[in-house]
Amino acid sequence: MASERKKKSDSPDPELSEEEKAHIREVFSERIVPKLRRLQARTGNLACDFAGEKYGRWTVRFVSRGTDFVITDFEFDEDARGVDLDF
């Protein structure tokens, strides 16, 4: 298992295309931002599974800007796990 983990970390991280980033931003804005407002969030990281299963190992870093939220970074994380914001 340790060698398998090392092998995975030796491979380069995948890249998101500009179209994929735009898709994630659009879904984030439509589905996630209203939830972040209700939770009075300001900054954080979220797994991108909200944009589709194939993005589940990607995370976004976001910050609030006035009443809106902006994605400031995308990062690949093999250990990323989604969180339910509907509570």
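In this predicted model, strands β2 and β3, the latter covering residues 68-76, pair in the antiparallel sense over eight bridges. One of the pairs of bridge partners is W58 with F76, the latter lying in β3. The hairpin formed by β2 and β3 has two residues between the strands, and in this hairpin G66 takes a positive phi near 65°.

Strand β2 also has a partner in β1. Strand β1 (residues 43-47) and strand β2 (residues 58-65) run antiparallel and are joined by five bridges. Two pairs of residues may be located by the reader here: G44 has F62 of β2 as its bridge partner, and L46 has V60 of β2.

Taken together, these pairings give an open sheet of three strands in the order β1-β2-β3, with antiparallel pairing. The edge strands are β1 and β3, each of which pairs on one side only. From one strand to the next, the twist averages 25°. As a general rule, side chains in a regular strand alternate between the two faces of the sheet.

The sheet may now be placed in the whole chain. The protein contains two helices and three strands, and these follow the pattern α-α-β-β-β when read along the sequence.

Helix α2 comprises residues 18-38, and its length can be checked by a short calculation. The expected span is 1.5 Å times one less than the number of residues. For the 21 residues of α2 the expected span is therefore 30 Å, and the end C-alpha atoms are 29 Å apart, which agrees. The helix nevertheless bends by about 45° at I32, and a proline, P34, follows within four residues. Just after α2, Q40 takes a positive phi of about 55°.

How does α2 lie relative to the sheet, and at what angle does it run to β3? The helix lies across β1, β2 and β3, and runs at about 130° to β3. The buried residues of α2 are E20, I24, V27, F28, I32, V33, K35 and L36. What covers these buried residues includes the strands β1, β2 and β3. Residue I32 thus appears twice in this account, as the site of the bend and as one of the buried residues.

Two individual residues illustrate the contrast between buried and exposed positions. The first is T59, which is found in strand β2. A residue is called buried when its relative accessible area is under 20%; T59, at 12% relative accessibility, therefore counts as buried. Not counting residues up to four places away in sequence, T59 touches L46, A47, C48, D73, F74, E75, D77 and A80.

The second residue is R38, whose place is in helix α2. Exposed means a relative accessible area over 50%, so R38, at 58%, counts as exposed. R38 and D86 are 48 residues apart in sequence, yet their C-alpha atoms are 9.8 Å apart in space.

Finally, some totals describe the protein as a whole. Of the contacts with a separation of 6 or more, 45% are between residues 24 or more positions apart. Buried residues make up 31% of the 87 residues. The protein exposes about 6300 Å², of which carbon and sulfur atoms supply 46%.

Technical notes
Residues are numbered from 1 along each chain as its sequence is written. This is a predicted model: local features need pLDDT of at least 70, side-chain atom pairs count only at pLDDT 80 or more; totals for chains, interfaces and linings use all residues. Side-chain values use heavy atoms; hydrogens and water are left out. Two strands pair if DSSP finds at least two bridges between them. Buried means under 20% relative accessible area, exposed over 50%, partly exposed in between (1.4 Å probe, protein chains only). Contact means heavy atoms within 4.5 Å. Accessible areas come from the Shrake-Rupley method with a 1.4 Å probe; for residues, only the protein chains shown count as cover. The bend at a residue is the angle between axes fitted to the seven residues ending there and the seven starting there. Axes are lines fitted to C-alpha atoms, for helices over the stretch in contact, and angles run from 0 to 180 degrees between N-to-C directions.
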